[in-house]
Amino acid sequence: METTAKVVSSNCVLLSEFSESNPTQLSAMELGIQNFGCTHYRRRCKIRAPCCDEVFDCRHCHNEAKNSEEVDVVDRHDVPRHEIKKVICCLCDTEQDVQQYCINCGVCMGKYFCDICKFFDDDTSKNQYHCEECGICRTGGKDNFFHCKRCGCCYSKIMENGHRCVEGAMHHNCPVCFEYLFDTVREISVLPCAHTIHLDCVKEMEKHHRYSCPVCSKSICDMSSLWKKLDKVVALTPMPETLKNKMVWILCNDCGVKSHVQYHIVAHKCLSCNSYNTRQIQGAPATPSSSRVTEMVK
């Protein structure tokens, strides 16, 4: 078997196979593999953070420690990943400049190595690659993603011909958990409105019957079956005589059309798209929010 060093980009190297005919090389590749690292990455080196001159297993370990509640607010910070200059070999404790092989024991400190991001990882099943335009390493395989210049991020090629562009789509915090989305390690979901959010945050919203985007309030899935249920609830809930002729103006969160409709305590239906994801903009009294209505029907 021959050693294969695949150049993922001009600054990234992925080692996929090893030479059985060269025992020294084989031991360097395999020695300590999967035995070192942290909860984030399997790797055979640690980093020295240039910002605080402390040693951590990886940048995420640094960021979690330096942004915890125990740290004074004025001292909280993230490590500038591209400015990392020194790494420490986990096998021989030799501190050295950033490179793939230890200068002392010769061990490979990460099967995947990016000189730009100063990134090491022994778990190559993630199909890591460096996106020149994003400026960071991503997972999933370069052939499976494309970079949208307007959105400023990488998307699955499945979305290439149909996604809606939003300027800097991922260059903001998740609207639910407030973690920065652009370089998150958690899976991201692109909503029909094109806003981005962590997939697990979407699932958490659904557990609490929240089916509208936290940013623009548009529905995040097909709600037509729920709207039919609401039609029946509204029909079975007569209004008192004093409010039967009450009219209010509503704004549809889904289509953006304003409608002049009869006031109802349960919900107001858009006259344009038949959505109940609406909010009252003129007239009183106010009605429950669309998310509250959804919970009532559930």
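Which residue lies over the face of Phe182? That would be Arg138, at 4.9 Å from the ring centre. Keep in mind that this is a predicted model. The protein chain has five helices and 17 strands, and buried residues make up 41% of its 298 residues.

**The chain as a whole**

- Of the contacts in the protein chain with a separation of 6 or more, 36% are between residues 24 or more positions apart.
- About 16,100 Å² of the protein chain is exposed, and carbon and sulfur atoms supply 49% of that area.

**Nonpolar cores**

- As a bit of background, nonpolar side chains in soluble globular proteins tend to be buried together.
- Here the largest nonpolar core has 56 residues, and Met109 and Tyr155 are the ones with the most contacts inside it.
- Helix H4 (residues 224–235) supplies the largest share of this core, namely four residues.
- Another core, of five residues, lies apart from the largest one, with Val248, Ile250, Val261 and Tyr263 among its members.
- Back in the largest core, Tyr155 has a long contact list once residues up to four places away in sequence are set aside: Asn144, Phe145, Phe146, Cys148, His163, Ala169, Met170, Val190 and Thr196.

**Helix H2 and its surroundings**

- H2 is largely enclosed by the rest of the structure, because six of its eight residues are buried.
- Those six are Arg59, His60, Cys61, His62, Asn63 and Lys66.
- Part of the cover over them comes from strand E3 (45–48) and strand E4 (55–56).
- Take Asn63, which sits in H2 (residues 59–66): its relative accessibility is 14%, under the 20% cut-off, so it counts as buried.
- Beyond its neighbours within four places in sequence, Asn63 is in contact with His77, Asp78 and Val79.

**Aromatic pairs**

- The model has six aromatic pairs.
- Tyr41 and Phe119 make one of them, in an edge-to-face arrangement with 4.9 Å from centre to centre and 70° between the planes.
- This pair ties together parts that are 78 residues apart in sequence, because Tyr41 lies in the loop between helix H1 (23–30) and E3 while Phe119 lies in strand E8 (residues 119–121).
- Both Tyr41 and Phe119 are buried.
- Together with Tyr112, Tyr41 and Phe119 form one aromatic cluster.

**Salt bridges**

- By way of general background, side chains of opposite charge can pair when their charged atoms come close.
- There are 14 salt bridges in the whole structure.
- Arg59 and Asp183 form one through their side chains, at 4.0 Å from N to O.
- That bridge links distant parts of the chain, 124 residues apart: Arg59 belongs to helix H2, and Asp183 to the loop between strand E12 (153–156) and strand E13 (188–190).
- Arg59 counts as buried at 14% relative accessibility, whereas Asp183 counts as partly exposed at 23%.
- Glu167 and Arg150 make another salt bridge, with their closest N and O atoms 3.6 Å apart.
- This one also links distant parts of the chain, 17 residues apart, with Glu167 in the loop between E12 and E13 and Arg150 in the loop between strand E11 (145–148) and E12.
- Glu167 is exposed, with 61% relative accessibility, and Arg150 is partly exposed, with 49%.
- Lys244 pairs with Glu241, their closest N and O atoms being 3.1 Å apart.
- Lys244 counts as partly exposed at 36% relative accessibility, while Glu241 is exposed at 60%.
- Arg48, Asp53 and Glu95 are joined into one network by salt bridges that share partners.

**Positive phi outside glycine**

- Asp53, one of the residues in that network, also has a positive phi, near 60°, although it is not a glycine.
- Asp53 sits in the loop between E3 and E4 and counts as exposed at 52% relative accessibility.
- His209 likewise has a phi near 60°, again a positive value in a residue other than glycine.
- His209 is in the loop between helix H3 (199–207) and H4, and it is partly exposed, with a relative accessible area of 24%.

Technical notes:
Residues numbered from 1 in each chain as written. Predicted model: local features only at pLDDT ≥ 70, side-chain atom pairs only at ≥ 80, totals over all residues. Heavy atoms only, no water. Helix = DSSP H or I, 4+ residues; strand = E, 2+ residues; numbered from the N terminus. Buried < 20%, exposed > 50% of the residue type's maximum accessible area, 1.4 Å probe, protein only. Contact = heavy atoms within 4.5 Å. Core = buried A, V, L, I, M, F, W, Y, C linked by side-chain atoms within 4.5 Å. Phe/Tyr/Trp six-rings, centres within 6.5 Å; stacked < 30°, edge-to-face > 60°. Lys NZ or Arg CZ within 6 Å of the ring centre and 35° of its normal. Areas by Shrake-Rupley, 256 points an atom, 1.4 Å probe, with all protein chains shown as cover.
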